[in-house]
Amino acid sequence: MNHRPFSLARQVCYLSGEQNYTWTHLLSGYRDLRRGPLALVAQYYPSFLRIHKQYVINPEYLLQIHQQTRSQKRPLFDVELVGGVRLPIAQSRVYTLLPVLQSMLQRNQSQTSGRSCRITKKANQILI
C-alpha cells in the first residue's frame with residue numbers, strides 16, 4: 001500500500017474518500033488516487049480539517065462559508081476553497097466546526113495578500 005503523502009502538503013487543496021480509496025486534489029487541478037481509506041491518508045496531513053465523512057480540507061485554502069436556506073430545521077452549510085470548489089459540511093459537525101472555520105477564515109484573510117479571501121454577508125446565501 002502506498003500511503004506516502006505528497007512531499008509538498010501545501011500543494012494539496014483537499015482530500016476526498018471513496019470506499020477504500022482516497023483522491024488527493026492538488027491546486028493545479030491534478031488528482032491522485034491512493035489506496036486506503038480517507039481516515040488513514042488524512043493522518044499524513046495533521047493540519048487539515050475533516051468537514052464531512054468524505055472530505056478533508058486544507059484550511060489554508062478556505063475562502064468562504066456558505067449557508068443554504070431550506071424549510072427544514074437545520075440549515076445546510078458548505079465551504080468554498082480556492083478554485084471555486086464547494087464542499088459540504090456534515091450536519092452532525094456544523095456547530096462544532098463553524099467557530100473553527102470562522103477563525104481559520106479570519107486568519108487566512110489577515111495573512112493573505114495575493115489571494116482573495118473574504119468574509120461577506122448576503123441574505124440566504126453566505127454566512128459570515
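This report describes the fold, the nonpolar cores and the salt bridges of a predicted model.

## Overall fold

The protein contains two helices and eight strands, and from the N terminus on these elements follow the order β-β-β-α-β-β-β-β-β-α. Among the contacts between residues at least 6 apart in sequence, 47% join residues that are at least 24 apart.

Of the 128 residues in the protein, 43% are buried. The area that the protein exposes comes to about 7700 Å², and carbon and sulfur atoms supply 49% of that area.

## Nonpolar cores

The largest nonpolar core has 20 residues, and those with the most contacts inside this core are Ile51, Ile57, Val79, Leu81, Leu87 and Leu101. At least two residues of this core come from each of strand 1, strand 4 (49–52), strand 5, strand 6, strand 7 (76–81) and helix 2 (94–111). Helix 2 supplies the largest share, with six residues.

Leaving aside residues up to four places away in sequence, Val79 touches Ile51, Ile57, Leu62, Gln64, Val85, Arg86, Leu87, Ile89 and Leu101. A second core, separate from the largest one, has nine residues and includes Val12, Leu26, Ala42 and Val56.

## Salt bridges

Side chains of opposite charge can pair when their charged atoms come close. With a cut-off that places a side-chain nitrogen of Lys or Arg within 4 Å of a carboxyl oxygen of Asp or Glu, the count for this model is three salt bridges.

One of these joins Glu60 to Arg10, with the closest N and O atoms 2.9 Å apart. Glu60 lies in the loop between strand 5 (55–57) and strand 6 (62–68), whereas Arg10 belongs to the segment before strand 1 (12–18), so this pair ties together parts that are 50 residues apart in sequence. Arg10 has a relative accessibility of 57% and therefore counts as exposed.

The side chains of Arg34 and Asp32 form another salt bridge, with an N to O distance of 2.7 Å, and both Arg34 and Asp32 are buried. A further salt bridge brings together the side chains of Arg86 and Asp78 at 3.2 Å, N to O. Within this pair, Arg86 counts as partly exposed because its relative accessibility is 40%, while Asp78, with a relative accessible area of 7%, is buried. Arg86 also appears among the residues that Val79 touches, and Val79 is in turn one of the residues with the most contacts inside the largest nonpolar core.

Terms used
Residues are numbered from 1 along each chain as its sequence is written. This is a predicted model: local features need pLDDT of at least 70, side-chain atom pairs count only at pLDDT 80 or more; totals for chains, interfaces and linings use all residues. Side-chain values use heavy atoms; hydrogens and water are left out. Helices (H or I, at least four residues) and strands (E, at least two) are DSSP runs, numbered from the N terminus. Buried means under 20% relative accessible area, exposed over 50%, partly exposed in between (1.4 Å probe, protein chains only). Contact means heavy atoms within 4.5 Å. Accessible areas come from the Shrake-Rupley method with a 1.4 Å probe; for residues, only the protein chains shown count as cover. A nonpolar core is a set of buried Ala, Val, Leu, Ile, Met, Phe, Trp, Tyr and Cys residues joined through side-chain atoms within 4.5 Å.
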